[in-house]
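Here's a quick briefing on how this chain packs, pairs its rings and places its charges. Have a look at the model first, then work through the notes below.

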Amino acid sequence: MSLQECYKALEGDYEGVASRLRSEKMIKKFVLKFLNDASYQGLLTALEEKNGEEAFRAAHTIKGVCQNLGFTKLGDSSSRLTDALRSGSMDGVEKLVEKVKGDYEQTVNAIRILESESES
């Protein structure tokens, strides 16, 4: 899988990130680092603990990383979740959380395929 194919699979904006980072090697480096980012696990933990403030922080971080990397689909859903959590309340966020979870899995699965094919 090429980097462009990875972006297509995760429904991202390869052209946008390429215009900012200007190097496929640099883009790939940061895309692969996304797999080690602890923000998603932090979000899940905060949600489990019903800690709206920490959930907001984690969702906001995911949103920012996605914006920087051009992960459009996950960025959009995490942005909606961030807005819903902004007050610190977790009322009514269940559907938004499920959307983020699905988009995160789609993103991570595409990156893992890129990673595994890069190692071959």
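Start with K63: leaving aside neighbours within four places in sequence, this lysine is in contact with G75, S78, S79, T82 and R86. Keep in mind that you're looking at a predicted model. K63 sits in helix 5, which covers residues 52-69. Beyond that lysine, the notes cover helix 2, a cluster of aromatic rings, a handful of the seven salt bridges and a buried cysteine, C6.

**A buried lysine**

- Which side chain of opposite charge is nearest to K63? That's D83, at 5.1 Å.
- K63 is buried yet has no salt bridge. A salt bridge here needs a nitrogen-to-oxygen distance within 4 Å, so D83 at 5.1 Å doesn't make the cut.

**Helix 2 and its buried face**

- Helix 2 runs over residues 14-21, and its buried residues are Y14, G16 and V17.
- Looking down the axis of helix 2, those buried residues fall within an arc of 160°, so they line one face of the helix.
- What does that set of residues pack against? The buried residues of helix 2 pack against helix 1 (3-9), helix 3 (24-33) and helix 5.
- Just after helix 2 comes R22, which takes a positive phi of about 65°.

**Aromatic rings**

- Searching the whole structure turns up five aromatic pairs.
- One of them is F34 with Y104, a tilted pair with 5.9 Å centre to centre and 45° between the planes.
- The F34–Y104 pair links distant parts of the chain: F34 is in the loop between helix 3 and helix 4 (39-48), while Y104 is in helix 7 (residues 94-119), 70 residues apart.
- Buried or exposed? F34 is buried, with a relative accessible area of 4%, and Y104 is buried too, at 10%.
- Y104 also pairs with Y40, and this pair is stacked: 3.6 Å centre to centre, with 5° between the planes.
- Y40 belongs to helix 4 and Y104 to helix 7, so this pair ties together parts that are 64 residues apart in sequence.
- Y40 is buried as well, with a relative accessible area of 9%.
- Zooming out, Y7, Y14, F34, Y40, F71 and Y104 form one aromatic cluster. Y14 is also among the buried residues of helix 2.

**Salt bridges**

- How many salt bridges does the structure hold? There are seven.
- In helix 5, R57 forms a salt bridge with E54, the closest N and O atoms being 2.2 Å apart.
- R57 and E54 are three residues apart in that helix, about one turn.
- R57 is partly exposed, with a relative accessible area of 40%, and E54 is also partly exposed, at 35%.
- D103 forms a salt bridge with K73, with 3.9 Å between the closest N and O atoms.
- The D103–K73 pair links distant parts of the chain: D103 is in helix 7 and K73 in helix 6 (residues 72-85), 30 residues apart.
- The two partners sit in different burial classes, as D103 is buried with a relative accessible area of 4%, whereas K73 is partly exposed at 21%.
- D103 and K73 also belong to a network of salt bridges that links them with E11 and K99.
- Another salt bridge joins the side chains of E98 and K101, at 3.6 Å from N to O.
- E98 and K101 are three residues apart in helix 7, so about one helical turn separates them.
- K101 counts as partly exposed, at 30% relative accessibility.

**A buried cysteine**

- C6 is found in helix 1, and at 0% relative accessibility this cysteine counts as buried.
- What is C6 in contact with, once neighbours within four places in sequence are left aside? The partners are M1, A110, I111 and L114.
- From C6 to A18 is 12 residues in sequence and 13 Å in space, C-alpha to C-alpha.

Methods. Residues numbered from 1 in each chain as written. Predicted model: local features only at pLDDT ≥ 70, side-chain atom pairs only at ≥ 80, totals over all residues. Heavy atoms only, no water. Helix = DSSP H or I, 4+ residues; strand = E, 2+ residues; numbered from the N terminus. Buried < 20%, exposed > 50% of the residue type's maximum accessible area, 1.4 Å probe, protein only. Lys, Arg positive; Asp, Glu negative; His and termini not counted. Contact = heavy atoms within 4.5 Å. Arc of directions from axis to C-beta. Phe/Tyr/Trp six-rings, centres within 6.5 Å; stacked < 30°, edge-to-face > 60°.
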